[in-house]
Amino acid sequence: MKFSERLLEKVLPIWKKNHAHPFVQGIGDGSLDKEKFRFYMIQDYVYLIEYAKVFALGAVKATDLATMGKFAKLLDSTLNEEMELHRQYAKKFGISVEELETAKPSPTTLAYTHYMLHVSQNGTLAELVAALLPCTWSYWEIGKALNERKGASEHEFYGEWVRMYSSNEFGQLAIWCIDLIDELAEGKIESELVKLEEIFLNTTRFEYMFWEMAFNEMMWPTDE
């Protein structure tokens, strides 16, 4: 069994909950409240800024030029392509660039990104990949599943999201990350593999919490 298969087996219950979450299902059938998606788009933008830093740390921790170059390319494409597409897509929901750039993270966004960066800064390259992989892998799986639903990819507001994450280009990124964790796990002792498993499980849990946060538009409690 490949290590990536072991990881998926470990998180399958929460993985299924992510797929079945009402926010995800609402994207697929078009029933999701636009205000909930608007909230999600803003928080996802904040998340992407921090996620890009993980790619930068990946380039630092890589031990060969090919892997270093791939992480550098991912950093560049995230900052200069994906985030620009995000800004353009946000316009459909009445979200200005200023609103995106000045947005504050929700508690969940803050906790998720801080955990990812903590692991990435203090851990090995394998631990870094284990931390970032659930986002990339699960979005690809969700995108593909929703793309199979009639009309989902053509929806006026959510179709672009479905097409983006079910695309071959995004799939290639997910496959590269999956292959990399398998490569990095080779020869590691069981205690190291268990640690990678725990990191992967934690960020998979954060993925569920992110959907939950977006669906309920959860920010900080007020001081009033």
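Reader: I'm new here, so to start small: is Lys10 buried or exposed, or partly exposed?

Author: In this predicted model, Lys10 counts as partly exposed, because its relative accessible area is 42%, and the band for that label lies between under 20% for buried and over 50% for exposed.

Reader: OK, and which helix is Lys10 found in?

Author: Lys10 belongs to helix H1, which covers residues 3-20.

Reader: Which residues does Lys10 touch, leaving out those up to four places away in sequence?

Author: With those set aside, Lys10 touches Glu197 and Leu201. In addition, the C-alpha atoms of Lys10 and Phe200 are separated by 9.1 Å, although the two residues are 190 residues apart along the chain.

Reader: Switching to H10, how far apart are its end C-alpha atoms?

Author: They are 39 Å apart, and this agrees with the expected span, because the 27 residues of H10 should span 39 Å at 1.5 Å a residue. Just after H10 comes Glu217, which takes a positive phi of about 50°.

Reader: And H2 with H10, at what angle do their axes cross?

Author: The axes of H2 (residues 22-29) and H10 (residues 190-216) cross at roughly 70° and come within 8 Å. The two helices are therefore roughly perpendicular to each other, since that label is given to angles of 65 to 115 degrees.

Reader: Which residues make that contact?

Author: On the H2 side the contact is made by Pro22, Phe23 and Val24, and on the H10 side by Trp211, Ala214 and Phe215.

Reader: How do those divide into nonpolar, polar and charged?

Author: The residues of the contact of H2 with H10 comprise six nonpolar, with no polar and no charged ones.

Note on methods. Residues are numbered from 1 along each chain as its sequence is written. This is a predicted model: local features need pLDDT of at least 70, side-chain atom pairs count only at pLDDT 80 or more; totals for chains, interfaces and linings use all residues. Side-chain values use heavy atoms; hydrogens and water are left out. Axes are lines fitted to C-alpha atoms, for helices over the stretch in contact, and angles run from 0 to 180 degrees between N-to-C directions. Helices (H or I, at least four residues) and strands (E, at least two) are DSSP runs, numbered from the N terminus. Angles under 35 degrees count as roughly parallel, over 145 as roughly antiparallel, 65 to 115 as roughly perpendicular and the rest as oblique. Contact means heavy atoms within 4.5 Å. Ala, Val, Leu, Ile, Met, Phe, Trp, Tyr, Cys and Pro count as nonpolar, Asp, Glu, Lys and Arg as charged, and the others, Gly among them, as polar. Buried means under 20% relative accessible area, exposed over 50%, partly exposed in between (1.4 Å probe, protein chains only). The expected span of a helix is 1.5 Å times one less than its number of residues.
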